[in-house]
Amino acid sequence: MSAWCNQIYCEDALTGLVRIPDASIDLILTDPPYGLGKDYGNDSDKQDSAAYLRWMEQWIDAALPKLKPNGSLYIYLTWRYSPEIFVMLKQRMIMLNEIIWDRRVPSMGGSTRSYTSVHDTIGFFAMRKDYYFDLNAIRIPYDAETKKARSRSIFVGAKWLELGYNPKDVWSVSRLHREHPERADHPTQKPLEIVERMVKASCPVDGVVLDLFMGSGTTAVGAQRCGRQFVGFELNPDYCEIIAKRLAAPENQLTEQNNLPTEPVREKLTNIIKQKKGRKSKHVPEEIQLHSEDDVASDSVQQALIF
Ligand SMILES: C[S@@+](CC[C@H](N)C(=O)[O-])C[C@H]1O[C@@H](n2cnc3c(N)ncnc32)[C@H](O)[C@@H]1O
């Protein structure tokens, strides 16, 4: 393993990036300062708008060469600067999604002269069309009610109901309340649930995830829990200590449980292929359409998933 793998460097990301060889990173998953004046114990979020956008462009240009050719990038932004930053990234990469993270903010108070903002904007980009993406690792199980609702004859015996559905681009996941067990002492800590979905979908097992702005270390913790490697930077030494503690905590180690979805889904798919081989159908429901490069012989799988 390379010396820079599974390390958090307590230093400026722009300085530290030289440690990482070009084309060595599977996934950049990063959450930079938003240009909103947040207090991270440093001045990193206190630049004026022009300086902020120049700085964003500078680190983007330094970071992208670190990606493997089939690598991808997720970036957390807010509506304030996402238009400018999406344009910057679209000039360099293929834009795949704008994901809306609905933070499930309760309906109390809020803006009085405009609409209360309750979401983060996450950009998903790739270097080229054959980017790594493992849909089966992130399918969402159908609940019992939905399964029951799909009782029309076309769905009877449909094994795809067991596989789960493809995640959509609106992710409704509660922000971390003060009492939340995951909560660390960082003002903009992100939930592991979101990070782990990105890691499982967009970084192969044992691949490397880079976060230039680690904060409380959620990207590193999510990567470790899912059996991926990580590397990253954080300016604030207090946050670096929090990251070290989180990485050492028993609940943040790799377990079979954390990585469950991939293998059982693969197994089920293989069984379905075996069972359905030879049967023909005119229609494959959208829910089971397989879009991943990584999906083994996706055409034959679709042929096999027939009802
Ligand atoms: C939005 S927060 C990241 C929060 C993180 N995703 C989490 O879940 O805890 C951005 C972090 O970037 C750090 N930061 C700002 N400028 C930096 C730089 N040039 N190099 C490294 N870290 C930096 C800040 O100190 C802050 O903790």
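A residue counts as near a molecule or strand if its C-beta atom, placed from the backbone, lies within 6 Å of it.

**View 1. The shell around the ligand.** By this criterion 21 residues surround the ligand, and the closest are D31, S44, F213, G215 and T218. The shell divides into 8 nonpolar, 9 polar and 4 charged residues, where Ala, Val, Leu, Ile, Met, Phe, Trp, Tyr, Cys and Pro count as nonpolar, Asp, Glu, Lys and Arg as charged, and the others, Gly among them, as polar. The model is predicted, and local features need pLDDT of at least 70, side-chain atom pairs count only at pLDDT 80 or more, and totals for chains, interfaces and linings use all residues. Residues are numbered from 1 along each chain as its sequence is written.

**View 2. The open sheet.** The chain holds 10 helices and 8 strands, taken as DSSP runs numbered from the N terminus (helices H or I of at least four residues, strands E of at least two). An open sheet of 8 strands follows the order 1-8-7-2-3-5-4-6 with mixed pairing, two strands being paired if DSSP finds at least two bridges between them. At its edges lie strand 1 (7-9) and strand 6 (170-172), each of which pairs on one side only.

**View 3. Strands 2 and 3.** Strand 2 (residues 25-30) and strand 3 (residues 67-77) run parallel and are joined by 5 bridges. Within this pair, I25 stands opposite L67, and I28 stands opposite L73. Strand 3 is largely enclosed by the rest of the structure, because 8 of its 11 residues are buried (20 or more other C-beta atoms within 10 Å of a residue's own, against 12 or fewer for exposed and partly exposed in between, with C-beta atoms placed from the backbone).

**View 4. Helix 6 and the nonpolar core.** Helix 6 (residues 192-202) lies across strand 2, strand 3, strand 4 (94-102), strand 6 and strand 7 (208-211), and runs at about 160° to strand 2, with axes fitted to C-alpha atoms, for helices over the stretch in contact, and angles taken from 0 to 180 degrees between N-to-C directions. Leaving aside neighbours within four places in sequence, V199 is in contact with L27, L29, V209, G222, A223, C226 and R228 (C-beta atoms, placed from the backbone, within 7 Å). Of the 50 residues in the largest nonpolar core, L29, V199, V209 and L210 touch the most other members, such a core being a set of buried Ala, Val, Leu, Ile, Met, Phe, Trp, Tyr and Cys residues joined through C-beta atoms within 7 Å.

Conventions:
Contact = placed C-beta atoms within 7 Å.
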